[in-house]
Amino acid sequence: MDQLRIKDLEIFAFHGLFPSEKELGQKFVISASLSYDMTKAATELDLVSSIHYGELCQQWTTWFQENTEDLIETVAYKLVERTFETYPIVHEIELELKKPWAPVHLPLDTCSVTIHRRKQRAFIALGSNMGDKRANLKQAIANMSARGIRILKESSVITTEPWGGVEQDSFANQVIEVETWLPAPILLETLLAIESEMGRIREVHWGPRLIDLDLLFVEDQVIYTDELILPHPYIAERLFVLEPLVEIAPHFIHPILKQPIRYLLNQLEQGNA
């Protein structure tokens, strides 16, 4: 993809663990590559599809000097976050933050951290069978948007019977497609935090819940850890996931089963007939 590169922007600021660093300040140096499609900017003089690198450098300087942080990792991460928020056209960022005056007291040219993030599509299933179910789904989506997760598509809300063998009320279910630069494990942590903030209490496995947010896919990633399994292991077994998913992404290919979602739905419906 096309790239805008900025090399060695110098900024004087007051970040660091030691009191002297926060009192006296020091020089920091930023280099970055921003990936985005430059076609319209190049061929149609479409300024909305371009980034004013002078303004960007000034914004980085302002953001960099607004606060003091202990770690340069924190400063670099916040710069990447603010850049994605301010410039939606940016698809990928690699940012290096150098600290040439680091208090190492040994021969040293510089030390630096590099943060590399790119936007990716993900699919999230929502469910609720307590309180105002549809309102719970809307609130969860609003909470995701407030955390910088961009909502691309929303399926219709469907009413389904509970899954898993626990006696309980029917569910309101929905699937959404989102765009986020958060890595999959952090995206999952964010969804769990939203559940907790909304008041979900995990008492009965597959039992009643105020809100349930399941991470289904993050593009074609396959992950297996104690904390996260991707794709979600029960997708092909759940009509209440496949039906709304087919509505918004019928041709998405399951990265393990290697079949479009619409085929998976058809197979499950035939098996249940």
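**Entry 1: E21 and its partner**

I looked up E21 in this predicted model and found that E21 counts as buried, at 5% relative accessibility. The side chain of E21 meets that of K99 in a salt bridge, with 2.8 Å from N to O. I then asked which elements this pair connects. K99 belongs to strand β3 (residues 92-99) and E21 to helix α1, so the contact ties together parts that lie 78 residues apart in sequence. K99 also counts as buried, its relative accessibility being 10%. Both values fall on the buried side because the cut-off for that class is under 20% relative accessible area.

**Entry 2: other salt bridges**

I searched the whole structure for salt bridges and noted 14 of them. Side chains of opposite charge can pair when their charged atoms come close. One of the pairs I followed up is E66 with R82, whose closest N and O atoms are 3.4 Å apart. This pair links distant parts of the chain, with E66 in helix α3 (residues 53-66) and R82 in helix α4, 16 residues apart. I checked the exposure of each partner and recorded E66 as partly exposed at 42% relative accessibility, and R82 as partly exposed at 29%.

I next took the salt bridge between E69 and K78, where the closest N and O atoms are 2.7 Å apart. Here the partners fall into two classes of exposure, since E69 counts as buried at 17% relative accessibility, whereas K78 counts as partly exposed at 38%. I also noted that K119, R150 and E179 are joined into one network by salt bridges that share partners.

**Entry 3: helix α4**

I turned to helix α4 itself, which runs over residues 72-86 and has 15 residues. From its first C-alpha to its last the helix reaches 21 Å, close to the 21 Å expected at 1.5 Å a residue. Which residues of α4 are buried? I listed I72, V75, A76, L79, V80, T83 and F84. These residues cover an arc of only 165° around the axis, which puts them on the same side of α4. The general rule I kept in mind is that an α-helix has 3.6 residues a turn, so residues three or four places apart point the same way.

**Entry 4: a nonpolar patch**

I looked for nonpolar side chains on the surface and found a patch formed by F12, F14 and W101, which together have about 310 Å² of accessible area. I placed F14 in the loop between β1 (3-13) and α1 (19-24). Is F14 buried, exposed or partly exposed? With a relative accessible area of 32%, F14 is partly exposed.

**Entry 5: cysteines**

I checked for disulfides, taking as the cut-off a pair of cysteine sulfur atoms within 2.5 Å, and the count by this rule comes to zero. For the exposure of two cysteines, I recorded C57 as buried at 19% relative accessibility, and C111 as partly exposed with a relative accessible area of 28%.

**Entry 6: the whole chain**

I closed with the chain as a whole, which has eight helices and 11 strands. Along its principal axes, the C-alpha trace of the protein chain spans about 70 × 50 × 35 Å. How much of the protein chain counts as buried? Of its 273 residues, I noted 45% as buried.

How values were computed: Residues are numbered from 1 along each chain as its sequence is written. This is a predicted model: local features need pLDDT of at least 70, side-chain atom pairs count only at pLDDT 80 or more; totals for chains, interfaces and linings use all residues. Side-chain values use heavy atoms; hydrogens and water are left out. Buried means under 20% relative accessible area, exposed over 50%, partly exposed in between (1.4 Å probe, protein chains only). Patches are made of residues with over 30% relative accessible area and no salt bridge: like charges are joined within 9 Å, nonpolar side chains (Val, Leu, Ile, Met, Phe, Trp, Tyr) within 5 Å. Accessible areas come from the Shrake-Rupley method with a 1.4 Å probe; for residues, only the protein chains shown count as cover. A salt bridge is a side-chain nitrogen of Lys or Arg within 4 Å of a carboxyl oxygen of Asp or Glu. Helices (H or I, at least four residues) and strands (E, at least two) are DSSP runs, numbered from the N terminus. The expected span of a helix is 1.5 Å times one less than its number of residues. The arc is that of the directions from the helix axis to the C-beta atoms.
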